[in-house]
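Hi,

Here is the structure I promised to pass on. Have a look at it first, and then read my notes below.

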Amino acid sequence: MGLTRQDRVLEAACKERDHADKERVFNDLLAASERLLSLSERQFDQSATLDGLENVAVLADMRAAIAKAKGGA
């Protein structure tokens with residue numbers, strides 16, 4: 001037996017709520033990532049040492065991931 005109209009409406013409403021919840025979580029995660037990047041840029045050693053160069057690479061990866069999440073390249 002197929003879904004009733006009421007079942008389909010309820011299913012659609014649940015999908016919309018789930019999408020809104022995921023979007024809220026995504027936005028929170030993105031904002032937290034941006035704050036972490038800002039803090040890390042100020043506090044990480046970025047000198048021409050092995051640790052500093054590894055930190056620079058991590059910061060670049062973080063910048064790229066944030067840009068991608070925002071719809072950039």
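What radius of gyration does the protein have, and what would a compact globule of 73 residues have? The protein has 20 Å, whereas a compact globule of that many residues would be near 11 Å. Please keep in mind that this is a predicted model.

**Overall shape**

The C-alpha trace fits that picture: along the principal axes of the protein, the trace spans about 70 × 20 × 20 Å. As for secondary structure, you will find two helices and zero strands. Just 11% of the 73 residues count as buried. The accessible surface adds up to about 6,000 Å², and carbon and sulfur atoms account for 59% of that surface.

On charges, the protein has 11 positive and 13 negative ones. Take the mean position of each set, and the two points are 8 Å apart.

**Helix H1**

Helix H1 covers residues 5-43. I checked its length against what a helix should give: at 1.5 Å a residue, the 39 residues of H1 should span 57 Å, and the C-alpha atoms at its ends are indeed 57 Å apart, so the two agree.

Which residues of H1 are buried? They are Leu30, Leu37 and Ser40. Part of what covers them is helix H2, residues 50-69.

**Four residues to click on**

- Serine 40 sits in helix H1. Its relative accessibility is 4%, and because buried means under 20%, serine 40 counts as buried. If you skip the neighbours within four places in sequence, serine 40 is in contact with Gln46 and Leu59.

- Leucine 36 is also part of helix H1. Here the relative accessibility is 46%, so leucine 36 counts as partly exposed. Leucine 36 and leucine 59 are 23 residues apart along the chain, and their C-alpha atoms are separated by 10.0 Å.

- Leucine 39 belongs to helix H1 too. With a relative accessible area of 35%, leucine 39 is partly exposed. From leucine 39 to glutamate 54 you go 15 residues in sequence and 16 Å in space, C-alpha to C-alpha.

- Histidine 19 lies in helix H1 as well. Is histidine 19 buried or exposed? At 53% relative accessibility, histidine 19 counts as exposed, since the cut-off for exposed is over 50%. Histidine 19 and arginine 5 are 14 residues apart along the chain, with 21 Å between their C-alpha atoms.

**Where to start**

If you only have a minute, open the model at serine 40, which is buried at 4% relative accessibility, and look for its contacts with Gln46 and Leu59. Then go along H1 to histidine 19, which is exposed at 53%.

Cheers

Terms used:
Residues are numbered from 1 along each chain as its sequence is written. This is a predicted model: local features need pLDDT of at least 70, side-chain atom pairs count only at pLDDT 80 or more; totals for chains, interfaces and linings use all residues. Side-chain values use heavy atoms; hydrogens and water are left out. Helices (H or I, at least four residues) and strands (E, at least two) are DSSP runs, numbered from the N terminus. The radius of gyration is taken over C-alpha atoms; the globule rule is 2.2 Å times the number of residues to the power 0.38. Buried means under 20% relative accessible area, exposed over 50%, partly exposed in between (1.4 Å probe, protein chains only). Accessible areas come from the Shrake-Rupley method with a 1.4 Å probe; for residues, only the protein chains shown count as cover. Lys and Arg count as positive and Asp and Glu as negative; His and the chain ends are not counted. The place of a charge is taken as NZ of Lys, CZ of Arg, CG of Asp or CD of Glu. Contact means heavy atoms within 4.5 Å. The expected span of a helix is 1.5 Å times one less than its number of residues.
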